[in-house]
Amino acid sequence: MIKLYGLRMSNYYSLTKALLIEKGLDFEEVKAPPTQKSDNLARTPMGKMPSIEVNGRFMSESLAIFNYLECLQPEPALLPRDAFASGKTLELVCHIKLDVELVARRFLPEVLLKTPVSDETKNQVTADLKKGMAAIERIAVYEPYIAGNEFTIADLYAFYCFGLAGQMAQAVIGVDIMEGQPKLTELLGRLAERPSIARVQAEAAS
Ligand SMILES: N[C@@H](CCC(=O)N[C@@H](CS)C(=O)NCC(=O)O)C(=O)O
């Protein structure tokens, strides 16, 4: 059985758990905080969460784990069959991860540890977030899912990345990244009701 390492408070752990549920795969959750201890580094070379263990072998990075699970359990498919549409779906994932979530993550020290970030960081993150959100608006489809007419891995990244980025931007700079994004707001509300995501949220709160 697949073991999922990490903590339920993590957005990427939650995403990977929702993915395992979507794929209908059996898995076991193992509590493992992000540390630089050797046992954790053996599972995940940057010490981050999540990671998985399969028959004594380890893998980190949610997108790599997604690729593995998609090959292991092709149905239900979380990428479109059409080659170009599949690439476009992963293009969206990259922009959500790199140009929104990772940008807003620079506010984490202030939000989690109460260590204020500098005004320079605030200004840079404000500008970069605006650019990232505009980039996504240019390529998001919303018909009715973010990459087209099927639920895909990009919807999971949208749910778990925009949620965290939005909370951090609101807390540190008072910016609502969802302002002027009615389709994205509607999508995130709809995704919250999806059984996989609802279960992950409920279990994280318990
Ligand atoms: N690119 C990684 C990001 C994982 C990540 O940022 N995990 C956070 C928790 S959500 C973490 O472990 N942070 C602790 C650290 O950076 O040391 C993925 O997609 O899995």
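**Close-up views of the cavity and the ligand site**

**View 1. The cavity in the predicted model.** By the grid rule used here, one cavity of 30 Å³ or more is counted, where a cavity is a set of points, on a 1 Å grid over the protein atoms alone, at which a 1.4 Å probe fits but cannot get out. The largest cavity holds about 30 Å³ of space, a volume being the space filled by probe spheres set on the points. Its lining residues, which have an atom within 4 Å of a point, include Tyr5, Asn40, Lys48, Met49 and Pro50. By class, this lining has six nonpolar, five polar and one charged residues, with Gly counted as polar and Tyr, Met and Pro as nonpolar. The model is predicted, and local features need pLDDT of at least 70, side-chain atom pairs count only at pLDDT 80 or more, and totals for chains, interfaces and linings use all residues. Residues are numbered from 1 along each chain as its sequence is written, and side-chain values use heavy atoms, with hydrogens and water left out.

**View 2. The shell around the ligand.** Among the residues that surround the ligand, with a heavy atom within 4 Å of it, are Tyr12, Pro34, Lys48, Glu61 and Arg105. By class, the shell has four nonpolar, three polar and four charged residues.

**View 3. Polar contacts of the ligand.** In these pairs of N or O atoms within 3.5 Å, a backbone N or O atom of Met49 lies 2.8 Å from a ligand nitrogen atom, while a polar side-chain atom of Lys97 lies 2.5 Å from an oxygen atom of the ligand.

Terms used: On a 1 Å grid over the protein atoms alone, a cavity is a set of points where a 1.4 Å probe fits but cannot get out, and a pocket is an open set with protein on both sides within 12 Å along at least five of seven lines; lining residues have an atom within 4 Å of a point. A polar contact is a pair of N or O atoms within 3.5 Å; within protein, one must be able to donate a hydrogen and the other to accept it, and residues adjacent in sequence count only if both atoms are side-chain atoms.
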